[in-house]
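Trainee: Got a minute to go through this one with me? I'd like to begin with the pockets.

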Amino acid sequence: MSSVDCRIGEDGRVPPSNVITVRQLTRTYGDRVALDGCDLTVAAGECVALLGHNGSGKTTALRTIAGQLTPTSGTVRVAGADPYLEPEAVQARAALGFVPDAPVFYRDLTVREHVELVALT
């Protein structure tokens with residue numbers, strides 16, 4: 001994963017131009033390290049791909065950024081909000097769309113209907 005510098009304001013918040021900012025993100029499972037000091041910045045309008053071998057931590061990184069897993073250490077900001085701290089987490093979740101490895105599709109829904117349904121949850 002690449003590391004890109006970003007400017008963080010005096011209040012510790014990320015400027016609106018950075019949609020996702022991850023600093024020194026670490027996630028462990030017992031004594032197994034899945035992520036070790038991951039830094040990532042995604043600017044508004046930027047498209048980013050995480051590439052790596054199986055088991056390299058891509059899904060763990062995405063799930064942690066999305067607030068589905070709690071980091072062992074480090075910080076995550078989505079649209080300037082902390083996805084682990086209520087009520088900020090509501091703002092973070094509203095600003096991020098996440099489709100897991102095995103998305104659920106409903107055969108009787110159109111693509112538009114499926115997206116609308118998923119967007120509500």
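Trainee: How much space lies in the second largest pocket?
Mentor: About 260 Å³. This is a predicted model, where local features need pLDDT of at least 70, side-chain atom pairs count only at pLDDT 80 or more, and totals for chains, interfaces and linings use all residues. Residues are numbered from 1 along each chain as its sequence is written, and side-chain values use heavy atoms, leaving out hydrogens and water.

Trainee: Which residues are closest to the centre of that pocket?
Mentor: I20, V42, V48, L62 and L96, out of 14 that line the second largest pocket.

Trainee: And how does the lining divide into nonpolar, polar and charged?
Mentor: The lining has 12 nonpolar residues, 1 polar and 1 charged. Ala, Val, Leu, Ile, Met, Phe, Trp, Tyr, Cys and Pro count as nonpolar, Asp, Glu, Lys and Arg as charged, and the others, Gly among them, as polar.

Trainee: Different topic. In what order do the elements run?
Mentor: From the N terminus, β-β-α-β-α-α. That gives 3 helices and 3 strands in the protein chain.

Trainee: Which element has the lowest mean pLDDT, and which the highest?
Mentor: Helix α3 (residues 111-120) has the lowest, 72, and strand β3 (residues 73-78) the highest, 94. pLDDT is the predictor's confidence in each residue, from 0 to 100. The protein chain averages 81.

Trainee: What share of the chain is buried?
Mentor: 29% of the 121 residues, with buried meaning under 20% relative accessible area (1.4 Å probe, protein chains only).

Technical notes
Helices (H or I, at least four residues) and strands (E, at least two) are DSSP runs, numbered from the N terminus. On a 1 Å grid over the protein atoms alone, a cavity is a set of points where a 1.4 Å probe fits but cannot get out, and a pocket is an open set with protein on both sides within 12 Å along at least five of seven lines; lining residues have an atom within 4 Å of a point. Grid points are joined across faces, edges and corners, and a volume is the space filled by probe spheres set on the points. Buried means under 20% relative accessible area, exposed over 50%, partly exposed in between (1.4 Å probe, protein chains only).
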